[in-house]
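Please open the structure in a viewer and keep the selection tool at hand. The tour begins at one strand and then widens to the whole chain.

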Amino acid sequence: GTRGTRRRWNHSPRPAMARLFLDSEPLTQYKDRLFKGSMEEYLDRLRSSATLYVGNVSFFTSEEQIWSLFAKCGVVKTVIMGLDKHKLTPCGFCFVEYHNRKDAERAVKYLNGTKLDDREVRIDFDWGFQDGRQFGRGKSGGQVRDEYRTNYDAGRGGYGKLIKNELENLNEEGAAGANEGDGFRGGGDHGPSAAANAGGGGGGGGG
């Protein structure tokens, strides 16, 4: 009998979900700088909130797709898509609010890591939506993580913003010196397509 018990015990832990459901564990590693209270108040809010932050979303994922996915765990109250603050286009995150905490907990437990448009979405409790939080905080308008990303990610606008700017500058230099032949400068032109081919394999895990 003991051997069977031991075997069951070995299979029982589910490490992926452990961090969010134990009050003794920190719910998050940092406090959102827009939250005006103390760290303790912040954690209290996370423990009771029915609002979720959803990250690693493709720029092409629609609001309808989000509603459809999260409705599997309860009645969704609102979905707020994250937007580039300059272009007002989707920039890879959203907020989902349920009517009660239990449905939100179910969503974190069962939907975190779900593939949506070939991307594993990351779901965490949020302290509550306020107007203005729907906009990306990066200097160029989108999310900060897309400013510095060095890989090519087709689902999040290609290259990160800083790399993209460098490539555009290289291409402009290449165009200006095009009459000098196909020497070294030609490399600036096929950089993006080479990375796009490589990005086919690595894009999904980007971020």
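Select residues 51-55, which form strand S1. This strand is mostly covered, with four of its five residues buried; buried here stands for under 20% relative accessible area. The model is a predicted one, as the tour should state before going further.

Add residues 90-98, strand S3, to the selection. S1 and S3 are paired in the antiparallel sense, and four bridges connect them.

Next add residues 122-126, strand S6. This pairing with S1 is antiparallel as well, and it has five bridges.

Now go to Tyr53 and show its backbone. Which residue of S3 stands opposite Tyr53? Phe95 does. Turn to S6, where Asp124 is the bridge partner of Tyr53. Tyr53 therefore has a partner in S3, Phe95, and another in S6, Asp124. When checking side-chain directions here, recall that side chains in a regular strand alternate between the two faces of the sheet.

Clear the selection and colour the protein chain by secondary structure. How many helices and strands does the chain have? There are eight helices and six strands. Stepping through them from the N terminus, the order is α-α-α-β-α-β-β-α-β-β-β-α-α-α.

Switch to a surface view of the protein chain. Its accessible surface is about 12,500 Å², and carbon and sulfur atoms contribute 53% of that. Of the 207 residues, 37% are buried.

Last, display the contacts. Among those with a separation of 6 or more, 62% link residues 24 or more positions apart.

Conventions. Residues numbered from 1 in each chain as written. Predicted model: local features only at pLDDT ≥ 70, side-chain atom pairs only at ≥ 80, totals over all residues. Heavy atoms only, no water. Helix = DSSP H or I, 4+ residues; strand = E, 2+ residues; numbered from the N terminus. Buried < 20%, exposed > 50% of the residue type's maximum accessible area, 1.4 Å probe, protein only. Contact = heavy atoms within 4.5 Å. Areas by Shrake-Rupley, 256 points an atom, 1.4 Å probe, with all protein chains shown as cover. Pairing = 2+ DSSP bridges.
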